Amino acid sequence: MKILLTGFEPFGGETSNPAQQLALALDGETRDGAEIVGAILPVARFEALSALDGLIAQHKPDMVIALGVAAGREGITPEKVAINFDDFRIADNKGQRPLGEPVSENGPAAYFSTLPINLMVQEMAHLVPTNISFSAGTFVCNHLMYGLQHRCAKVYPHIRSGFVHVPQATENLPTDNTSKMPHLPLAQMAEALKR
C-alpha cells in the first residue's frame, strides 16, 4: 500500500509551514506495511491541483492525505467535508484572490472525505488533541480537498482521500510566544499522523 501525504509551502508572509514540515518528515516512513510518500504543493488555487494530479499519476497511491495548517486550532483535525466555494480572505502565493467563485463550475455543492476519519481521531487521541472538523474553510485547503475528492470520484474511485488540518508547530513560534497561539511539537504531530 502507498500513501501520498502532501503539505503546503509557507504562505501569508510566514517562513515555515508545519504541513510542509510534517510531509517532509514522514516521507519514506512505513506504517503497517504502508509506504508514505511526502510531497509539497504550492499555495496557489490552480497550481496545487495540477501538482497533485502529477503526483497521483507518478506514485499511483492507494490513499491521498493532504495536510494544511489551521493556525489557532488546538489539535489535529481531519476534515469531513469540502465545499464548492472559493472565497479567499488573502491572496494565494500567485496573487489569486477569488471571492465567491466555485471550485468546479459543474461540480456538486460538497464532497465528503473517504478517509476513515472517525478511526483516525480515535487513534490520534492517545497522543494529541484531535477532533473532526466540519469546515475546511474557503481558502486553498478547501479548494484542494474539493478538487481532490472530485478527481477521486470521477477518475480514481479506488483511492481513499481527504484533508487534515494541523495546528501551528511549537518550533515555528517566536521563543516568547507572546501571541499565545495554540501549538504542538512537530515530533508529536508526526507520531500521531503515523497512526
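**Exercise 1. Pairing next to β3**

Task: Find which residue is the bridge partner of L5 in β3, then work out how β1 and β3 run relative to each other, parallel or antiparallel.

Solution: Start with the residue pair. In this predicted model, L5 has G38 as its bridge partner in β3. Now look at L4, which stands opposite V37 in β3. Zoom out to the whole strands: β1 and β3 run parallel and are joined by seven bridges. Finally, check how covered β3 is. Six of its eight residues are buried, so the rest of the structure largely encloses this strand.

**Exercise 2. The hairpin and two positive phi values**

Task: Say which residue takes a positive phi in the hairpin of β2 and β3, and decide whether D32 is buried or exposed.

Solution: First, the pairing. β2 (30-31) and β3 (34-41) pair in the antiparallel sense, over two bridges. One of the residue pairs is R31 with A34 in β3.

Next, the turn itself. Two residues sit between the strands of this hairpin, and D32 takes a positive phi near 50° there. D32 is not a glycine, despite that phi.

Then accessibility. The cut-off for exposed is over 50% relative accessible area. D32 has 74% relative accessibility, so D32 counts as exposed.

Want a second case? K60 also isn't a glycine, and K60 has a positive phi of about 50°. You'll find K60 in the loop between α2 (45-59) and β4. With a relative accessible area of 63%, K60 is exposed.

**Exercise 3. Put the sheet in order**

Task: Work out in what order the six strands of the open sheet stand, and which strands stand at the edges.

Solution: Strands of a sheet pair through backbone hydrogen bonds, in parallel or antiparallel fashion. Take the pairs around β10 one at a time.

- β4 (residues 63-69) and β10 run parallel, joined by seven bridges. Within that pairing, V64 has S161 of β10 as its bridge partner.
- β5 (residues 77-78) and β10 run antiparallel, with two bridges between them. Here P78 has V164 of β10 as its partner.

Combine these with the pairs from the earlier exercises and you get an open sheet of six strands in the order β2-β3-β1-β4-β10-β5, with mixed pairing. The edges are β2 and β5; each has a single partner strand, so one side of each lacks a neighbour in the sheet.

Last step, coverage: β10 (residues 160-166) is mostly covered, with six of its seven residues buried.

**Exercise 4. Helix α4 and the core**

Task: Check what span helix α4 should have, then find which element gives the largest share of the largest nonpolar core.

Solution: Do the length first. The 15 residues of α4 (residues 140-154) should span 21 Å at 1.5 Å a residue, and the end C-alpha atoms are 21 Å apart, so the two agree.

Now the burial. Of those 15 residues, 12 are buried, so to speak the mostly covered part of α4. Among the buried ones are V140, H143, L144, L148 and C152.

Then the core. The largest nonpolar core holds 28 residues, and L4, F8, L52 and L144 have the most contacts inside it. β1, β3, α2, β4 and α4 each supply at least two of the residues in this core. The largest share is that of α4, with seven residues.

**Exercise 5. Two pockets**

Task: For the largest pocket, say how many residues line it; for the second largest pocket, find which element gives the most to the lining.

Solution: Begin with the largest pocket, which contains about 560 Å³ of space. Its lining has 26 residues, and F11, V69, A70, A71 and R89 lie nearest the centre. Sorted by class, the lining of the largest pocket comes to 13 nonpolar, nine polar and four charged residues.

Move on to the second largest pocket, with about 470 Å³ of space. Here 20 residues make up the lining, with I3, M63, L193, K194 and R195 nearest the centre. By class, that lining has 14 nonpolar and six charged residues, and no polar ones.

To finish, sort the second lining by element. At least two residues each come from β1 (2-8), β3, β4, α3 (117-124) and α5 (186-194). α3 gives the most, with four residues.

Notes: Residues are numbered from 1 along each chain as its sequence is written. This is a predicted model: local features need pLDDT of at least 70, side-chain atom pairs count only at pLDDT 80 or more; totals for chains, interfaces and linings use all residues. Side-chain values use heavy atoms; hydrogens and water are left out. Buried means under 20% relative accessible area, exposed over 50%, partly exposed in between (1.4 Å probe, protein chains only). Two strands pair if DSSP finds at least two bridges between them. On a 1 Å grid over the protein atoms alone, a cavity is a set of points where a 1.4 Å probe fits but cannot get out, and a pocket is an open set with protein on both sides within 12 Å along at least five of seven lines; lining residues have an atom within 4 Å of a point. Grid points are joined across faces, edges and corners, and a volume is the space filled by probe spheres set on the points. Ala, Val, Leu, Ile, Met, Phe, Trp, Tyr, Cys and Pro count as nonpolar, Asp, Glu, Lys and Arg as charged, and the others, Gly among them, as polar. The expected span of a helix is 1.5 Å times one less than its number of residues. A nonpolar core is a set of buried Ala, Val, Leu, Ile, Met, Phe, Trp, Tyr and Cys residues joined through side-chain atoms within 4.5 Å.
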